[in-house]
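I opened this notebook to keep track of what I looked up, one entry at a time. The structure comes first, and my entries follow it.

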Amino acid sequence: MQSGNKTIAKNTIFLYFRMIFSMLVSLYTSRVVLQTLGIEDYGIYQVVGGVVGMMSFLTAALATGSSRFLTFEMGTGDTDKLMRTFSTTLTIHIFLALLIVLLAETVGLWFIHQKMSLSIPAERMNAALWAYHLSILASVVSITQVPYSAAIIAHERMNIYAYMSIVDVSVKLGIVYLLKIGAMDKLILYAILLCAVHICFALFYRFYCITRFKETRYQFLIDKNILKSIGGFSGWSLFASTAITLNNQGMIIITNMFFGPAVVTARAISVQVNAAAGLFVQNFRTAANPQIVKRYAAEDYEGSKNLLLNSTKFSFFLMFLLGFPVILLAEPLLHLWLEIVPEYSVIFLQLIIIQSFFAVFDSSFYTALYAKGQLRENALISPTVLFIAFAVAYWLFKAGYPPVTLSYVGIVAYALLGIVIKPILVCRIVDYSFKNVLSVFIPCLKVCIVATPIPIIINYYFGKNSLFSFVTIALISALCVAVAVLYFGIETNMRRDLIGFAKRKIKEIF
């Protein structure tokens, strides 16, 4: 248990190092890319990429199965079955990649010409098609990369992600430079460069896995029993993946159909900032989830449960610590980052952060179902909510409601998933109790109630028209959340240990 906690802590540090470095550079490069491509071309790239994403809904389902079974077999210690599991999953993904190419170059291409051509200017259609075909190639590379990424996560080698992020962001800086000096069409050049980066990084990760993990030395085989297990597991998550794809990529496409590329760009900007904040939570969960699954596989059910409950609380605290100041300072933050802020960007950002607070519970409690391998009920109920959300957003757009409507629909959907549906499912399926669930929700609610009033009042009266007020509000917000977590979010023993640790470190310094 103690060794597992140390592994989580070490991997979290590696992932945070990776995240902070890549986040700072990514925010800079995305600003330059937006300025270089322009709002319209940036939106077009998001749209054509969304069409490819719609074709890749199978990938998410199989990726979940691949990661779960590789991690589970490592927990059981069956090396031979682990090798057969990897080869089987990679074979499945190769066939899937071929299917995606077939669908994208037929159905997807028809959709671009018949539906998207109404909102994409005629003079940009050729560039959009170039971006589309290159997005397909990048998608194929990503699909066949899934088992290798799953192997790295299963082995908990998070340090490799940290090291490669330095290279990744350096390459992205190079892309920005080439984009600015390149003589060819900027959108086509951007698509070519991103596709090339996808291919190069995939080749490196494959070389890394093959030379270090014996099970990743691929043999063309399909173990029928493993295929049946993965198929049964992934079959239930397929419906969920389809709904998530509709909710993410589908929303981009219908937004473009009703409002055009400029509004898509505004939405994409808000998603990117939210993703940067969410990386803190994602990295923490990436470090914790393998241990949750391995403990469950080793029949340490109580240890798996305690780790999930504690990691869920801290996931929310991390998201709230970052997200709450962003909500208050969304407008000056976007102006500081982009200078020219597309319409709707501010409200999109504020609402998607609120949605993410609920999404933390949804994704965290899902890990309990994922560890047990029983996804049927979740695959029937949760995706239905997202299908309904997509249909409601489409109907409201058609009725003349503004673009921001999709954000309100998303908040309602993820609130239902995170605080109603997932808690009921983990209590019914994984033998959690409502007391366990309340041990997560009550501290999180207390932190929200205690931490928010002072920053909101200061933000309202102090204003945020200067750098000093911006920094002051951000620091006060973060401090209020940190103090609320310390005194209302964690247990007395943990608070005492943290305070004692801080006092010892202060004494060592002074």
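Leaving aside its neighbours within four places in sequence, which residues is tyrosine 190 in contact with? I looked this up in what is a predicted model, and I found Val33, Leu37, Tyr45, Ile175 and Leu179 in contact with tyrosine 190 once the neighbours within four places were set aside.

**Entry on the cores.** I then asked where tyrosine 190 belongs, and noted that it is listed with Phe316, Phe320, Leu349, Phe365 and Tyr432 as having the most contacts inside the largest nonpolar core, which has 114 residues. Helix α4, residues 125-154, gives the most to this core, contributing 14 residues. I also recorded a second, separate core of nine residues, with Val263, Ala266, Ala393 and Phe397 among them.

**Entry on aromatic pairs.** My search of the whole structure returned 20 aromatic pairs. I took up the pair of phenylalanine 86 and tyrosine 148, whose ring centres are 5.2 Å apart and whose planes stand at 70°; since planes over 60 degrees apart count as edge-to-face, I entered this pair as edge-to-face because of that angle. The pair links distant parts of the chain, with phenylalanine 86 in helix α3 (residues 79-114) and tyrosine 148 in helix α4, 62 residues apart. I noted that both phenylalanine 86 and tyrosine 148 are buried.

I next wrote down one aromatic cluster, formed by Phe314, Phe316, Phe317, Phe320, Phe324, Phe357, Phe361, Phe365 and Phe441. Phe316, Phe320 and Phe365 in this cluster are also among the residues named for the most contacts inside the largest nonpolar core.

**Entry on charges over rings.** I found lysine 305 over the face of tyrosine 432, at 5.4 Å from the ring centre, and arginine 267 over the face of phenylalanine 348, at 5.7 Å from the ring centre.

**Entry on polar and charged residues in helices.** Is serine 87, in helix α3, buried or exposed? I recorded a relative accessible area of 2%, so serine 87 is buried; apart from neighbours within four places in sequence, serine 87 is in contact with Arg217, Tyr218, Gln219 and Leu221.

I put the matching query to lysine 313, which has its place in helix α9, and its relative accessibility of 4% means that lysine 313 counts as buried. With neighbours within four places left aside, the contacts of lysine 313 are Ser439, Val440, Pro443, Cys444, Gly489 and Glu491.

Leucine 328 is also in helix α9, and I noted a relative accessible area of 11%, which makes leucine 328 buried. The C-alpha atoms of leucine 328 and glutamine 350 are separated by 8.0 Å, although these residues are 22 apart along the chain.

**Entry on α16.** How far apart are the end C-alpha atoms of helix α16? I first worked from the expectation that its 23 residues (467-489), at 1.5 Å a residue, should span 33 Å, and the 31 Å between the end C-alpha atoms agrees with this. I listed its buried residues as Ser469, Phe470, Thr472, Ile473, Ser477, Cys480, Val481, Ala484, Val485 and Gly489. These buried residues pack against α9 (301-328), α10 (330-338), α14 (434-451) and α15 (453-462). Gly489, buried in α16, appears as well in my list of contacts for lysine 313.

**Entry on α11.** I noted 28 residues in α11 and a reach of 40 Å from its first C-alpha to its last, close to the 40 Å expected at 1.5 Å a residue. There is nevertheless a kink of about 35° in α11, centred on phenylalanine 358. I found α11 mostly covered, with 20 of its 28 residues buried, and I recorded that glycine 373, which follows α11, has a positive phi near 85°.

**Entry on positive phi.** Most residues other than glycine have a negative phi, and I therefore kept a separate note of exceptions for this reason. Tyrosine 344 has a positive phi of about 80°, lies in the loop between α10 and α11 (345-372), and at 28% relative accessibility counts as partly exposed. Aspartate 431 has a positive phi of about 60° and its place is in the loop between α13 (405-429) and α14. At 60% relative accessibility, I entered aspartate 431 as exposed.

Definitions and conventions
Residues are numbered from 1 along each chain as its sequence is written. This is a predicted model: local features need pLDDT of at least 70, side-chain atom pairs count only at pLDDT 80 or more; totals for chains, interfaces and linings use all residues. Side-chain values use heavy atoms; hydrogens and water are left out. A nonpolar core is a set of buried Ala, Val, Leu, Ile, Met, Phe, Trp, Tyr and Cys residues joined through side-chain atoms within 4.5 Å. Buried means under 20% relative accessible area, exposed over 50%, partly exposed in between (1.4 Å probe, protein chains only). Helices (H or I, at least four residues) and strands (E, at least two) are DSSP runs, numbered from the N terminus. Contact means heavy atoms within 4.5 Å. The expected span of a helix is 1.5 Å times one less than its number of residues. Rings of Phe, Tyr and Trp (its six-membered ring) pair if their centres lie within 6.5 Å; planes under 30 degrees apart count as stacked, over 60 as edge-to-face and the rest as tilted. A charge sits over a ring if NZ of Lys or CZ of Arg is within 6 Å of the ring centre and within 35 degrees of the ring normal. The bend at a residue is the angle between axes fitted to the seven residues ending there and the seven starting there.
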